[in-house]
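Okay, thanks everyone, I'll keep this short. Have a look at the model on the screen, and then I'll walk you through the sheet and the ligand site.

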Amino acid sequence: MSFLELAKARYSCRMLTDATVEPEKIERILQAAIAAPTAKNLQRYTIWAIKSPDAMSKLKQTTKFTFGAGLAFVVGAKKDGAFDRPFDNKNFAEIDAAIVATHLMLAVQDEGLGTTWVGWFDAPKLQELFPEMRDYELIAIFPVGYPAENAKPAVMHTKRRELSEAVVEL
Ligand SMILES: Cc1cc2nc3c(=O)[nH]c(=O)nc-3n(C[C@H](O)[C@H](O)[C@H](O)COP(=O)(O)O)c2cc1C
């Protein structure tokens, strides 16, 4: 599958099974994530792999969007130590973490699994339940699993602006 085909085949999969995801798939997904570029290569992010039933049940207390998955990843950005652009002091931690998260999301697709980028979650509660996340901006949760038999893209998936509207040639 070409990259364009992969990018177009991906959709927010909101019906997952809790069938075990093979460790080698998890390993490849995480390898793809850490291959992401970061500003000045500072890599100030952490990916938490939520694997145990106890950790999953804590995660479920913070969001309604877990879609039946038995596995999830949380991506956090650490502002402290990330690149600060000198002209305007813009901190790049969240940009870096979003690139990592995008690699992860597309790698999930590449493994024949499904996920959705979840931004709707109670971040302070997540930090209370997982104190190791306290020093981070929590940018995304990815519930991951095999797509359920009747999983399909939502209507929104088909709605994209035309190239002519999204891209301006100068
Ligand atoms: C930053 C971000 C946050 C999102 N948060 C949620 C969320 O909390 N719950 C959800 O069901 N979908 C969430 N989505 C998925 C979007 O709704 C979805 O990507 C968009 O509608 C396009 O559909 P598609 O992913 O199927 O192409 C999020 C996507 C992004 C990029």
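**The sheet and what surrounds it**

So, what we have here is an open sheet of four strands, ordered S1-S2-S6-S5, with antiparallel pairing. S1, residues 45-50, and S5 sit at the edges with a single partner strand each, so one side of each has no neighbour in the sheet. Then there's helix H4, residues 93-110, which packs on this sheet and touches S1, S2, S5 and S6. The direction of H4 makes about 5° with that of S6. And before I forget, this is a predicted model.

Let me stay with S6 for a moment. That's residues 137-145, and the strand is mostly covered, with eight of its nine residues buried. Which strands does S6 pair with? One of them is S2, residues 71-77, which runs antiparallel to S6 over seven bridges. If you want a spot to click on there, valine 75 stands opposite alanine 140 of S6. S5, residues 114-115, also pairs with S6 in the antiparallel sense, this time over two bridges. In that pairing, glycine 114 has glycine 145 of S6 as its bridge partner, and threonine 115 has valine 144.

Okay, on to the ligand. Which residues come nearest to it? There are 13 residues around the ligand, and the nearest are Tyr11, Ser12, Gly119, Trp120 and His157. As for the character of that shell, we get eight nonpolar residues, four polar ones and one charged.

That's it from me, happy to rotate the view if anyone wants.

Key. Residues numbered from 1 in each chain as written. Predicted model: local features only at pLDDT ≥ 70, side-chain atom pairs only at ≥ 80, totals over all residues. Near = placed C-beta within 6 Å. Nonpolar A, V, L, I, M, F, W, Y, C, P; charged D, E, K, R; others polar. Buried ≥ 20, exposed ≤ 12 C-beta atoms within 10 Å, placed from the backbone. Pairing = 2+ DSSP bridges. Contact = placed C-beta atoms within 7 Å. Axes fitted to C-alpha atoms, helices over the stretch in contact; angles between N-to-C directions.
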